[in-house]
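The report below works through one protein model, moving from unusual backbone geometry to the packed interior and then to the open space at the surface. Please keep the sequence and the coordinates at hand while reading.

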Amino acid sequence: MKIGVLGGVVLALMLSACGQKGADEIRIGVPGAHSGDLASYGLPTVNAAELVAEQVNQAGGLLGKQIRLFVEDDQCQPEVATNIAAKLVGDGVVGVLGHICSGATRTALGIYTGEGIVVVSPSATSPPLTQSGEFPTFFRTIAPDDAQGELQAQFVAETMGAKSVAILHDGGDYGRGLADFARAALLENYPDVRIALYEGITVGAVDYSAIINRVGAANVDVLIYGGYHPEASRLVSQMRSQGMDLPFISGDGIQDETFIDVAGANAEGVYATGPRDTSANPVAQAARRAHQEKYGEEPGPFFMNAYSGMLALVNAIEAAGSTDSAAIQEALRTSPVQTPIGEITFDERGDAIGIGFAIYQVQNGVYVELQ
């Protein structure tokens, strides 16, 4: 009997402790690629979360509590992201800033959705993440890839005057999705533009000469690529080494200084779609200064989208007056917040209202937005 009573007391204490997890703090997960080839995309989000959390905590906290970040590295790998999501659920997070890559985000959402945890991504652009209706707790501060693909198609057909194109992709949720939307937009809006080649590449391959030869044999005016910077830099560099000066256009997966650093002089002239430049926005300027002061360098890719996402999440929790998931979701849709990418709220699907993409080109070693 004594053992049973003691066991009951211990169990009660354990349940009480579980119920109190994070009771004196607001726990927010920050998952993304923090190591490996795509770390340059994920680490800026960590910096953004840290800066906003520090500002809020120094000002007295959120709902009278301190924000505590739980930073986890998913390497943009879907199978890792699932484990990370389960861990963050166990850690008692009430919101997530991330994930970074669309494929990792999709698998992680299978965990978060069932638990009712609000997720705000700065960079997961796959349209079905919001448009399918499968993930009602998912929001993002970047426009989806269908808009990006349409812009690429318009630029290739109208501005560049291309009559034939080759489209390559890396086979992933993001890369193939972007390539598919660019192809669909060309077929629908520019039927006179011939799609001479549509093919996937092998991620991580060292030698792309075979596919480059097929692109050359197709006799096209432009190459469109859907994927990330490691493969893009190799493709461009090997094309240039073979004397192929074909215009190359891709998406926000390469609109990053890391692509330029790796591709070097071969990056010159490359086009990429990416989030519109909002550097004139006073909130963006303040965020940039804060980053420079704390980290001693310029912010990386998706930093402004991540900073905006963190501000939106904090604002929603404050407006909701609680960490209740339904209340946070409602506040994200109805309580505007000033961010580095402008004043935003979210539509019923979870997409930020009023944001979009622009065309950039590498000029003299830096990406320049084309007007």
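Helices and strands are here DSSP runs, a helix being H or I over at least four residues and a strand E over at least two, numbered from the N terminus. The model is a predicted one.

**Backbone geometry**

In these terms, H99 is found in the loop between β3 (95-97) and α4 (102-115), and the peptide bond that joins G98 to H99 is cis, with an omega of about -10 degrees. Most peptide bonds are trans, and most residues other than glycine have a negative phi. Two residues that are not glycine depart from the latter pattern, namely C76, whose positive phi is near 60 degrees, and N219, whose positive phi is about 55 degrees. The table sets out their places and their accessibility.

| Residue | Phi | Loop between | Relative accessible area |
|---|---|---|---|
| C76 | near 60 degrees | β2 (66-73) and α3 (78-91) | 10%, buried |
| N219 | about 55 degrees | α8 (209-217) and β8 (222-226) | 61%, exposed |

Because buried means under 20% relative accessible area and exposed means over 50%, C76 at 10% counts as buried, whereas N219 at 61% counts as exposed.

**The packed interior**

The largest nonpolar core has 38 residues, of which I67, Y307, M310 and L332 touch the most other members. At least two residues of this core come from each of β1 (25-32), α2 (39-58), β4 (118-121), α11 (282-295), α12 (303-320) and α13 (325-334), and α12 gives the most, with 11 residues. A second core, separate from this one, holds 31 residues, including I211, L223, M239 and M244.

The surroundings of I67 can be listed in some detail: not counting residues up to four places away in sequence, I67 touches I26, I28, A53, V56, N57, L62, M310 and V314. M310, one of these partners, is also among the members of the largest core that touch the most others.

A second vantage point is A287, which lies in helix α11. Is A287 buried or exposed? With a relative accessible area of 0%, A287 falls under the 20% limit and is therefore buried. Leaving aside its neighbours within four places in sequence, A287 is in contact with L51, F303, M304, Y307 and P340. One of these, M304, is 17 residues from A287 in sequence, and the C-alpha atoms of A287 and M304 are 7.8 Å apart in space.

**The largest pocket**

Rolling a probe the size of a water molecule over the atoms shows where empty space is left. The largest pocket has a volume of about 1,200 Å³, and of the 37 residues that line this pocket, Q255, E257, P299, G300 and P301 are the closest to its centre. By class, the lining comprises 16 nonpolar, 11 polar and 10 charged residues. At least two lining residues are supplied by each of α2, α10 (257-263), α11, α12 and β14 (366-369); α2 gives the most, with five residues. Helices α2, α11 and α12 thus appear in the lining of the largest pocket as well as among the elements that supply the largest core.

**The annotated span**

According to UniProt, in an unreviewed entry, residues 25-363 carry the annotation "domain: Leucine-binding protein". Across residues 25-363 the model is 46% helix and 19% strand, and the end C-alpha atoms of this span lie 46 Å apart.

Definitions and conventions:
Residues are numbered from 1 along each chain as its sequence is written. This is a predicted model: local features need pLDDT of at least 70, side-chain atom pairs count only at pLDDT 80 or more; totals for chains, interfaces and linings use all residues. Side-chain values use heavy atoms; hydrogens and water are left out. A nonpolar core is a set of buried Ala, Val, Leu, Ile, Met, Phe, Trp, Tyr and Cys residues joined through side-chain atoms within 4.5 Å. Buried means under 20% relative accessible area, exposed over 50%, partly exposed in between (1.4 Å probe, protein chains only). Contact means heavy atoms within 4.5 Å. UniProt positions are given in the numbering used here, feature names are shortened, and annotations may be inferred rather than shown by experiment. On a 1 Å grid over the protein atoms alone, a cavity is a set of points where a 1.4 Å probe fits but cannot get out, and a pocket is an open set with protein on both sides within 12 Å along at least five of seven lines; lining residues have an atom within 4 Å of a point. Grid points are joined across faces, edges and corners, and a volume is the space filled by probe spheres set on the points. Ala, Val, Leu, Ile, Met, Phe, Trp, Tyr, Cys and Pro count as nonpolar, Asp, Glu, Lys and Arg as charged, and the others, Gly among them, as polar.
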